[in-house]
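Dear colleague,

Please find below the structure that I agreed to pass on to you. My findings follow directly after it.

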Amino acid sequence: PELEEPPVPPSKEQQLPIRNIRQSPSTPPSAMGRSMMESVDLGDDERSLSSRTRYFQPTPGGIENSRRQTQPSVSIEQAARPSFDITVGDPHKVGDLTSSHIVYQVVTKTSSKAYKQPEFTVSRRYRDFLWLYTSLHNNNPGVVVPPPPEKQAVGRFDSNFVESRRSALERMLNKAAAHPILQHDGDLKIFLESDAFNVDVKHREHREMGLGENKGMFSSMGFGGGGGGKFIEHDDWFHDRKNYLDALEHQLKALLKAIDTVVQQRKALADAAGELSASLHALSTVELSVSLSTPLEGLSDLQLRIRELYERQAQQDVLTLGITVDEYIRLIGSIKTAFAQRQKSFHSWHSAEAELSKRKATQDKTLRSGKTQQDRLNQLQADVGDGERRCHQARLLFEDMGRLMRNELERFEKEKVEDFKSGVETFLEGAIEAQKEASLSRSNAFCNV
C-alpha cells in the first residue's frame, strides 16, 4: 500500500508579489509577550493597596471591538451546537498584603440545556483558570486546549497587565466553549456555573479517588505514568508536523519581538511629541508678539494630538496583532502538551505488550512443568486474558489519539488563518486611519498659521 504523504500547511492564497523581507536574527525564548503587553498603558495608572481596587478597561468593548467582526457561514452541524458567549470582566483586587489576588467576574450566556440557566455569573481567580486548563488536558488527551496567559509574580497588579490577562482569559474560555469536545466537559461546566467552586472541586477529586481514578480517564492503563524512555516518532505525518510547529513557534516569537520594538518606538515618539508640545507652549507664553505666539500655541496643540495618536496606535498594535501572536505562541505550547500525551499513550501501549509477554512466558513455563494445580493454571489464564485486554485498549487509545490529533491540528490551521487575517486587516486599517488623522491635523494646523 502507498504511504500517506506528509501534510503541508494550508496553501497560500494567490497574491501579488511582495518584496523580500530581511530575516531577523534568532531570538532566545524569553518572556517577550509579557514585556510587550506591559509596554502599553491599557488602563489607569493609579494603584492602591486597599483590599478592593478597581481596574478599568482602556476602550469600550475591549479587544473584541478592536477586531474585525466577521460572521462566516457555518455548517448545519455547527449551527446545531449550543452557543456560548462568555465575558471576563470587573477585575478587582481582594485580600490583604499577604494574600492579595485579582478576582474576575465570569458572565456566561448559553443556549445549552446542560446548564440550569441561560445566563449566570460567577467569581474566579487566576489559579481557577489554571485548574480548568489542567483538567481539560487530563480529561481530553490529544485535544488542543486553549491555554491561559502565563503566570507572573512581579507587577501582577499593574492595570495594564491586569487588562491584558483579563482579555487572554476571556479568549481562552470562549475558544474552549466553542470546541466541539471541550464544550461538553464536566469540569468546564463546574467552572462556568458553580457558585461553590472550591467545594465542588474537592468533591470531584474525592469522587475520582473513590473510583480509582487519578486526574485522568486513562490512568488505569498507565497513561498518567512517566515517559517510559526515549520516544522515536515512526509516523512521518507527526514528525513533519512537529518540525513545522517548531519553525512556526520560532517565527512567531521573532514577530512578537519586532512588534514589541515597534510599540516601544511609538511610545518614545509619543513622549518626544509631548516634550516638544510643552516646550512650544512655554515659548508661546513668553513671546510678546501675538502674530508669533498664536502659531506657536497652535503647533503645541498639534504635537499634543500627535502624541495621543502615537499612544493610541501603540495600543492598537498590541490589541490587534500583538495579542494574536502571543496567543498562538501559547497555543503551540498546548499542542506540544498533546504531543507529550500521545507519547505517554505510546509507552503505555508498549508497556502493556511487555507485561503481556511476561505473563504468557510464565504461563508457558508453568504448562511445560506439568505439576501445577488447575487453580493456578486458571489464574494464569485469567492474567493473560487481562493482559490482552489492557494491551488492546492501550493500542486503541494510541490510534484514537492519533486520529483525534490530526483533526485538532487541521482545526488549528484553519483558526490560525482566520485569526491572523482578522488581526492583520484590523492592524492595517488602524495604521491607515492613523496616517489620515495625522495628515488632517497637520493640514488644519498649517491653515491656522
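A crossing of two helices is called left-handed if the near helix is turned anticlockwise from the far one by less than a right angle, and right-handed if clockwise. In this sense α4 passes α5 in a left-handed crossing. Please bear in mind throughout that the model is a predicted one.

The contact between these two helices draws on Y126, F129, L132, Y133 and L136 from α4, and on R165, L169, M172, L173 and A176 from α5. Sorted by class, the α4 and α5 contact comprises nine nonpolar residues and one charged residue, with no polar ones. The packing angle of α4 and α5 is about 30 degrees, and their axes lie 12 Å apart. Since angles under 35 degrees count as roughly parallel, α4 is therefore roughly parallel to α5.

The sheet

Both of these helices also pack on a sheet, which I describe next. It is an open sheet of three strands in the order β1-β2-β3, and the pairing is antiparallel. At its edges are β1 (84-94) and β3 (119-125), each of which pairs on one side only. On average, and with direction ignored, neighbouring strands of this sheet are turned by 20 degrees against each other.

Between β1 and strand β2 (residues 101-110), the antiparallel pairing extends over nine bridges. To give one bridge by residue, K93 has I102 in β2 as its partner.

Helix α4 (residues 126-139) packs on the sheet through contacts with β2 and β3, and its direction makes about 105 degrees with that of β3. Helix α5 (residues 159-178) packs on the sheet as well, touching β1 and β2; the angle between its direction and that of β1 is about 150 degrees.

Within α5 there is also a salt bridge to note: the side chains of R166 and E170 meet at 3.2 Å, N to O. These two residues of helix α5 are four residues apart, about one turn of the helix. For the model, the count of salt bridges comes to 26.

A further partner of α4

Helix α6 (residues 186-193) packs against α4 at an angle of about 165 degrees, the two axes being 9 Å apart. Angles over 145 degrees count as roughly antiparallel, and α4 and α6 are therefore roughly antiparallel to each other. Their crossing is left-handed. On the α4 side the contact is made by D128, F129, W131, L132, S135, L136 and N139, and on the α6 side by D187, L188 and F191. The contact of α4 with α6 divides into six nonpolar, two polar and two charged residues. F129, L132 and L136 of α4 are thus named in the contact with α5 and in the contact with α6.

The helices α8 and α9

Lastly, I would draw your attention to helix α8 (residues 236-286) and helix α9 (residues 290-369), whose axes come within 7 Å and cross at roughly 165 degrees. That angle makes α8 roughly antiparallel to α9. The crossing of α8 and α9 is left-handed. How many nonpolar, polar and charged residues does the contact of α8 with α9 contain? It holds 29 nonpolar, nine polar and 14 charged residues.

With kind regards

Terms used
Residues numbered from 1 in each chain as written. Predicted model: local features only at pLDDT ≥ 70, side-chain atom pairs only at ≥ 80, totals over all residues. Heavy atoms only, no water. Pairing = 2+ DSSP bridges. Axes fitted to C-alpha atoms, helices over the stretch in contact; angles between N-to-C directions. Contact = heavy atoms within 4.5 Å. Parallel < 35°, antiparallel > 145°, perpendicular 65-115°, else oblique. Nonpolar A, V, L, I, M, F, W, Y, C, P; charged D, E, K, R; others polar. Salt bridge = Lys/Arg side-chain N within 4 Å of Asp/Glu carboxyl O.
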